Structure formats: C-alpha cells, structure tokens
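These are my notes on the ligand site, set out as numbered points for discussion. Please read them alongside the structure shown below.

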Amino acid sequence: MFKSIFQELAQLVSLRSLRARIFLFILLAGVVPCVFMRYAILDNYEERAAAQREATVRNQLLVVGNHLLSNNYFQTRPSEEAGYSSASRDVIDAELEVISNLYEGRVLIVDSSLKVVKDTYGISEGKTMISEEVIQCFQGETSSYYDKEHGYIEMTLPIEDSGAVSAQDGQDTGRIVGVMLTSISNESIVTTMEVLNRQAVLLENLMFVCVVAIALVASMGLTRPLSQVTDAINKVQAGYAQESISVPGYSETVHIVDAFNQLLKRMKALDDTRQEFVANVSHELKTPMTSVKVLADSLLAQEDAPAELYREFLSDIVSEIDRENQIINDLLALVRMDKKVQELNIASVNINELTELILKRLRPIARKKDVELVFESMRQVTAEVDEVKMTLIMTNLVENAIKYNKEHGWVKVELDADHQYFTFQVSDSGLGIPEDALTHIYERFYRVDKSHSREIGGTGLGLAITKSAVLMHHGAIKVSSVEGEGSCFVVKIPLTYIEQ
Ligand code: ADP
C-alpha cells in the first residue's frame, strides 16, 4: 500500500506518469490564467482610475485657472492695490482649498517670475520655485506623472491668458501667465484596489480548489481505461483470465487491447504447437522403446528359448533402436534449423553434381523397390547454397518419392534454372497424397497413413526439415498430387544467396 503510494508520488515528481501530466496540465491551464487575469484587471483598473482622477482634477483646476485670470490674480496683490477685491481672492483660495481637500493634495500657483503666489499648504508662499516641470510648463509643455510607489499623481497646468498677446512672436495665441503645480493622493484608488484584490484572491483560491478537484477527477478518469488494460493484462499473466481481454474505452486502448489479444492468440497457438510437439515426440520416442521392452520381456519369460529366437528378437530390437536413432537424428536436425541465428555455410555448389551424387546414394533403395530413377538436367546449374542443407532437401524429396511409390514405379528428377532461380523437381508414379492432407504434410510428425509410414521407416519429420531448409535459402516449395496417381514436388531456390 505504502509502496504503491510512494511509487505514485515518485512518478508524479518525475512526471513520467500520464496521470501526473494530465493533472499538472489542467492545474496550470486553470490557475495561471486566473493569476494573470487578476494582475491584468487590477493594473488596468489602477491606470484607468488614475487617469480619470487626473482628468477630473485637471478640469476643476482649469475652471479655477480661468477664475484666476478673470480676477487678475497675478497682476494685483492686496497690499499693492487698493482696488483689489480681497473677496474674489478669498473665493479663489477657497476653491483651491476645496480641491486640495477633496483630492487630498496640494496646489501651488506659480507666477511668471517663478514665485509661488499660492500654496494650499501655506508653507512655500513667496518662495521661488525652480522645478524642471514648472519651467517646461511655462514653455507650453504640460506634464503629468503618476508615482505608484509613493501613491500620488503630480501634474502641471498652465494658466493661459488667451486675451494677451504673446511677447515672443506678437501673435494672439495666448500667454502663459502662471503655472498650477498639483500633487494629489491616490489613496482612494489604492483602497479600492485593496478591496478588489482581496475579492480577487478569494475568487482565485476558490478557483484553485475547483481546478485541483477537476484536475484530480479528470486525470484519474482519463487514465482509468489504461489502468483497466493493465489490470486485464495482469489477470492474464496471473493465469486466471480468459482467452482474450476486452476493455471498452478509447479507440486507442481498444487498439492496444486488440494488439494484445492478437499476441495472446499467437502465443496460445505457439503453446499449443509446442505441447503437441512434445506429446508427439514423447509418443514417437516411446513406441520403439515399448517394442524393445516387449521383445526383451518375452525373451526373459521363456526359460530356455532357442538361440534362433534370441537372434530373431535381438535383430528386431536392433531395428527398433535404429528407428529411435533415426527419430532423434531428425529431431536434432529440426532443432538446428529452428535456431534463431541460423548457421548457413553458403558456398558455390554445382547442383548437377550434387544431384548425381544423391541419386547414386539412393539408387540401391530404388532398386530394392524396383523403382526407376531418372535424372533430367536442362542446363548446368551452380548456386550459392549450404551444401549439407541442400543435400537434406534433395535426399528427403527423392527418398519420399521412392518410399511412397508402387512396385515397378518411376521417379523423375528434373533440374532447371533461369537467371534468378533454379528449380529442383521430383515427380513420381506413387501413392499420391489426398487433397485434404496436402496442407498438413509439412507439419512435424504428420503422416498420411501412420502405420504404412512407420512400416517403411518414416518419422513424419522429413518434409518439416525440408521446408525449413528451403525457407532458410529464401526459396519456396510447392506440391501437386493426385491420389493413386503420383505426386510432384517443386523446389525453387535463388541462385545467389541474399542476406536478410
Ligand atoms: P516421413 O518421414 O513419414 O516420410 P515426411 O514429412 O517426409 O514424413 O512426409 C509426410 C507425409 O507426407 C508422409 O507420411 C507421406 O504420407 C506423405 N508424403 C510425402 N512425400 C510423398 C510422396 N512423394 N508421395 C506420397 N506421399 C508422400
């Protein structure tokens, strides 16, 4: 239990698990945009709120500016001129106070000689204001600056006397007679932002919990079919599952399951063949041993058996042992062919000479059965083959043609070639092979007529060996036969061996 949790966690950390990847992907896809959106919305709000505040203050100051001009605020001082209306000045000062109180700020009025004529804080009045922004404003460049860090908006606003003639160019474009330097607090914006931020964080946390839940459910749900496939395979592996598994899920998992079922089928077929082969081998090897035991037992049972009987039984025992030997030799030949890395000793071989040699060896058997053995060669053939395996192929085919022949029959061996392949054809006037048996004759231990085959010393392995040897040379073997009339085996092998 703990081990599996630990494994799951290790996979999660290493990101090798699909479930972990899906979980993280959904989590990131859900949470990252939320965080970005919070910052983007708050940032946007702050900028818009500051711009709006600045525009409102600017409009109000413009109105005050006009009042300043219409009341000759700059030209007159209460002490200087008796006609100055101190009531008007008080009204303007009150207006400025209201603005500075309303926006928690400070307003300074600077005249053209850079002297501060009004400070709503009352501390800089009469002082000279040498500030870059103020000087630039006198030159017609207004400035506005939002200091986020310290929380204030600073701006300069020219007081333009549109009726006055510019001293510089004499044109009636208005003259800047003073500058209003204002700095207002953004406290209210910050307060609103803090409230908004708190709500956004709350929402974000809620979203986070929802996204984690969705990610957990989705990652588990999406990978469930894969776990089901693994469970089903494990059940098969443990041995208590059916022949094939079925996991309805995604089309991808269905493909995996199909591929697995195919593999399972193939493995089962291989297992069946192996079991059948082992059963056949045991049976084939047991038969001569049983005969030997029966012969020996019957000799032992007779107390004073004559020497002739001993001789006869012993010669039977020898032929059974020969048969056992034959089966073992055939099996060994087959096993050697089955090896994964098949050792082929490829050399250029004169096939005509090889055929002559094989026919010479088999002639005595043919003579015994009074079978005529004919060799017809269309041309001289030299091919790159493994001589030993080629000998096996030819011997088995010709030997079968003689063995399964009638008395006074014939066997015809034909050799021909084109520019790519040579063909070795063995036809006979023998018993023939029934049609339904034709597809089975290359199977191990398959014999059309078991008792007859045993009688004439067949093991049922000859054609299996022959076919393996032909395939090792990348060739093909074909048979055509009519029961009671004869058979014809054709082997086609490339003249040049191709490594694959
Ligand atoms: P065996 O060692 O018994 O001959 P093979 O694998 O060589 O085994 O042959 C398989 C079976 O095919 C034989 O038992 C026989 O019945 C049949 N067969 C093979 N060659 C011929 C042939 N030329 N004519 C008739 N039957 C044949």
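1. In this predicted model, helix 9 is the element that contributes most to the shell around the ligand, giving three residues. The shell as a whole comprises 20 residues, and those that come closest to the ligand are Asn400, Tyr404, Ser453, Thr459 and Leu463. By class, this shell divides into nine nonpolar, eight polar and three charged residues.

2. Several polar atoms of the protein approach the ligand. A polar side-chain atom of lysine 403 is placed 3.4 Å from a ligand oxygen atom, while aspartate 428 brings a polar side-chain atom to 3.1 Å from a ligand nitrogen atom. At glycine 460 the approach is made by a backbone N or O atom, which lies 3.0 Å from an oxygen atom of the ligand. The ligand would expose 530 Å² if taken alone, and the protein buries 97% of that area.

3. The ligand takes up the space of the largest pocket. The elements that supply two or more residues to the shell around the ligand are helix 9 (387-403), helix 11 (462-472) and strand 12 (486-494).

4. The largest pocket itself holds about 890 Å³ of space. Its lining is made up of 41 residues, with Asn400, Lys403, Tyr404, Gly458 and Gly462 lying nearest the centre of the pocket. Two or more residues of this lining come from each of helix 7 (307-338), helix 9, helix 10 (450-455), helix 11 and strand 12.

5. As for the character of that lining, the residues around the largest pocket divide into 16 nonpolar, 15 polar and 10 charged. For the ligand shell, the corresponding division is nine nonpolar, eight polar and three charged residues.

Notes:
Residues numbered from 1 in each chain as written. Predicted model: local features only at pLDDT ≥ 70, side-chain atom pairs only at ≥ 80, totals over all residues. Heavy atoms only, no water. Near = heavy atom within 4 Å. Polar contact = N/O pair within 3.5 Å; in protein donor to acceptor, adjacent residues only side chain to side chain. Areas by Shrake-Rupley, 256 points an atom, 1.4 Å probe, with all protein chains shown as cover. 1 Å grid on protein atoms, 1.4 Å probe; cavity = no way out; pocket = protein on both sides within 12 Å on 5 of 7 lines; lining within 4 Å. Sits in = over half its atoms within 2 Å of the grid points. Helix = DSSP H or I, 4+ residues; strand = E, 2+ residues; numbered from the N terminus. Nonpolar A, V, L, I, M, F, W, Y, C, P; charged D, E, K, R; others polar. Points joined across faces, edges and corners; volume = space filled by probe spheres on them.
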